[in-house]
Amino acid sequence: MSIQTGNWHLTWDRLLVKGENHKKWVIPMRRTRTVQAVAAPVTPSSADSAEYRKQLAESYGFRQIGEPLPDSITLKDVMDTLPKKVFEIDDMKAWKSVLVSVTSYAFGLFMISKAPWYLLPFAWAWTGTAVTGFFVIGHDCAHKSFSRNKLVEDIVGTLAFLPLIYPYEPWRFKHDRHHAKTNMLEEDTAWHPVWKAEFDSSPILRKAIIFGYGPFRPWMSIAHWLLLHFDLKKFRSNEIQRVKISLACVFGFMAIGWPLIIYKAGIMGWIKFWLMPWLGYHFWMSTFTMVHHTAPHIPFKSSDEWNAAQAQLNGTVHCDYPSWIEILCHDINVHIPHHVSSRIPHYNLRMAHKSLQENWGKYLNEAKWNWRLMKTIMTLCHVYDKEENYVAFDQLAPEESQPVAFLKIVMPDYA
């Protein structure tokens with residue numbers, strides 16, 4: 001969807017790339033009690049008070065909600081505090097990550113081939129997480145933080161993305177704009193809240209939006225992948241040639257790889273060995289992305305209000321996941337330093353994050369993955385509102401928001 005003066009023009013892309021801020025719902029609670037993530041609003045004495053931020057953190061499932069970053073701080077100020085060694089490329093560490101991903105993915109395929117039916121979900125979960133590591137390697141290549149040789153980066157990035165059916169160059173172009181315009185209301189190419197005008201435009205689209213940003217949200221990256229990366233009209237003229245090369249690689253992989261899988265293992269083999277791990281990858285792709293930048297207190301800003309340091313340092317979330325996920329996904333969720341500078345290789349992100357904690361710790365948003373965090377995002381962070389950041393679907397259309405009401409009932413609230 002694009003916005004022009006006096007008119008709203010709706011397309012399905014706009015469902016994926018529009019958005020905004022949040023609702024400040026808080027409740028005091030004890031850590032030993034289970035409470036609803038959606039709570040009654042409390043008017044704080046000061047939005048910047050430590051006690052209020054602590055209440056918000058507890059209510060939303062965060063470990064810490066950072067103080068607002070002063071307007072006077074620039075992104076260069078933050079970058080200048082990072083040790084120079086965090087930017088250094090280490091070829092041994094880079095290729096070790098490739099080895100970890102190839103080995104763990106091969107082991108996952110072996111498990112799928114040997115597992116009885118009742119253990120297949122565990123094999124799929126492992127393999128989908130392992131192939132997410134391929135994405136992270138390609139992600140480093142796209143940011144020019146994998147190798148000093150740019151041709152090597154383009155080749156490795158393209159190959160790493162092939163099992164995901166992701167065209168490398170189209171994704172790279174879109175992702176670069178996400179980093180340049182993180183949490184900018186119109187320009188960010190990752191995730192956005194929904195526009196109120198979209199939500200009200202038609203009953204059919206409204207229902208699709210409610211399902212997409214509600215129970216299907218952990219797989220919404222599939223729609224993002226399909227709608228934003230295969231249409232040549234979405235790219236600049238100087239990008240088209242590289243986009244075409246990437247598309248040719250992807251379609252070639254599909255034309256050769258898929259028939260081979262089906263020839264050797266049948267349609268069920270294609271489902272077992274490719275489709276289910278691919279869906280596992282998209283679960284992580286969607287989950288990681290929405291946790292990185294989506295919370296009731298993190299606003300999307302119009303371009304005239306946007307501040308780079310606030311968006312990258314203060315508007316990005318660090319989230320700890322179980323160790324096996326962190327290892328297989330190469331620390332991609334140590335995400336704040338990656339937004340301070342995308343030139344930091346993944347194996348240096350923890351060192352960079354430690355530096356940010358030492359110098360800017362009170363401004364950081366940090367969490368350990370938990371159900372309350374997911375429940376907050378999936379049941380609160382929906383429609384853009386300038387004053388409150390987000391308005392939940394069930395506030396705007398309670399009679400049509402049964403999927404969200406269902407999530408509130410069935411999703412655990414454990415933090």
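# A tour of the largest cavity and the helices around it

About 320 Å³ of space lies in the largest cavity of this predicted model. By the rule applied here, the count comes to 4 cavities of 30 Å³ or more. Begin the tour by displaying the lining of the largest cavity, which consists of 23 residues. To centre the view, select Phe135, Trp171, His175, Met285 and Thr289, the lining residues nearest the cavity centre.

Next, colour the elements that give two or more residues to this lining: helix H5 (120-142), H7, helix H10 (221-228) and helix H11 (240-293). H11 provides the largest share, with 6 residues. Colouring the lining by class will show 9 nonpolar, 13 polar and 1 charged residues.

**First stop: H10 against H11**

Select H10 together with H11. Their axes come within 8 Å and cross at roughly 95 degrees, which makes H10 roughly perpendicular to H11. On the H10 side, show Ser221, Ile222 and Trp225; on the H11 side, show Trp278, Leu279, His282, Met285 and Ser286. This contact has 5 nonpolar, 3 polar and no charged residues. Met285 deserves a second look, as this residue belongs to the contact with H10 and is also among those nearest the centre of the largest cavity.

**Second stop: H11 against H16**

Keep H11 in view and add helix H16 (residues 371-380). The two helices pack at an angle of about 85 degrees, with their axes 11 Å apart. H11 and H16 are therefore roughly perpendicular to each other. The residues to select are Thr287, Met290 and Val291 of H11, with Leu373, Met374, Ile377 and Met378 of H16. By class, the contact comprises 6 nonpolar, 1 polar and no charged residues.

**Third stop: H6 against H7**

Return to H7, one of the elements lining the largest cavity, and select it with helix H6. H6 spans residues 150-161 and H7 spans residues 168-180; they pack at an angle of about 105 degrees, their axes 9 Å apart. That angle makes H6 roughly perpendicular to H7. Which residues meet here? From H6, display Glu153, Asp154, Gly157, Thr158 and Phe161; from H7, display Tyr168, Glu169 and Trp171. The contact of H6 with H7 has 3 nonpolar, 2 polar and 3 charged residues. Trp171 takes part in this contact and is also listed with the residues nearest the centre of the largest cavity.

**Last stop: the annotated segments**

Finally, select residues 94-112, 118-139 and 242-261, which an unreviewed UniProt entry annotates as "transmembrane region". Over residues 118-139 the chain is 91% helix and 0% strand, and a distance drawn between the end C-alpha atoms will read 34 Å. Over residues 242-261 the chain is 100% helix and 0% strand, with the end C-alpha atoms 28 Å apart. To close, highlight Phe135 once more, as one of the residues nearest the centre of the largest cavity.

Terms used:
Residues are numbered from 1 along each chain as its sequence is written. This is a predicted model: local features need pLDDT of at least 70, side-chain atom pairs count only at pLDDT 80 or more; totals for chains, interfaces and linings use all residues. Side-chain values use heavy atoms; hydrogens and water are left out. Axes are lines fitted to C-alpha atoms, for helices over the stretch in contact, and angles run from 0 to 180 degrees between N-to-C directions. Helices (H or I, at least four residues) and strands (E, at least two) are DSSP runs, numbered from the N terminus. Angles under 35 degrees count as roughly parallel, over 145 as roughly antiparallel, 65 to 115 as roughly perpendicular and the rest as oblique. Contact means heavy atoms within 4.5 Å. Ala, Val, Leu, Ile, Met, Phe, Trp, Tyr, Cys and Pro count as nonpolar, Asp, Glu, Lys and Arg as charged, and the others, Gly among them, as polar. UniProt positions are given in the numbering used here, feature names are shortened, and annotations may be inferred rather than shown by experiment. On a 1 Å grid over the protein atoms alone, a cavity is a set of points where a 1.4 Å probe fits but cannot get out, and a pocket is an open set with protein on both sides within 12 Å along at least five of seven lines; lining residues have an atom within 4 Å of a point. Grid points are joined across faces, edges and corners, and a volume is the space filled by probe spheres set on the points.
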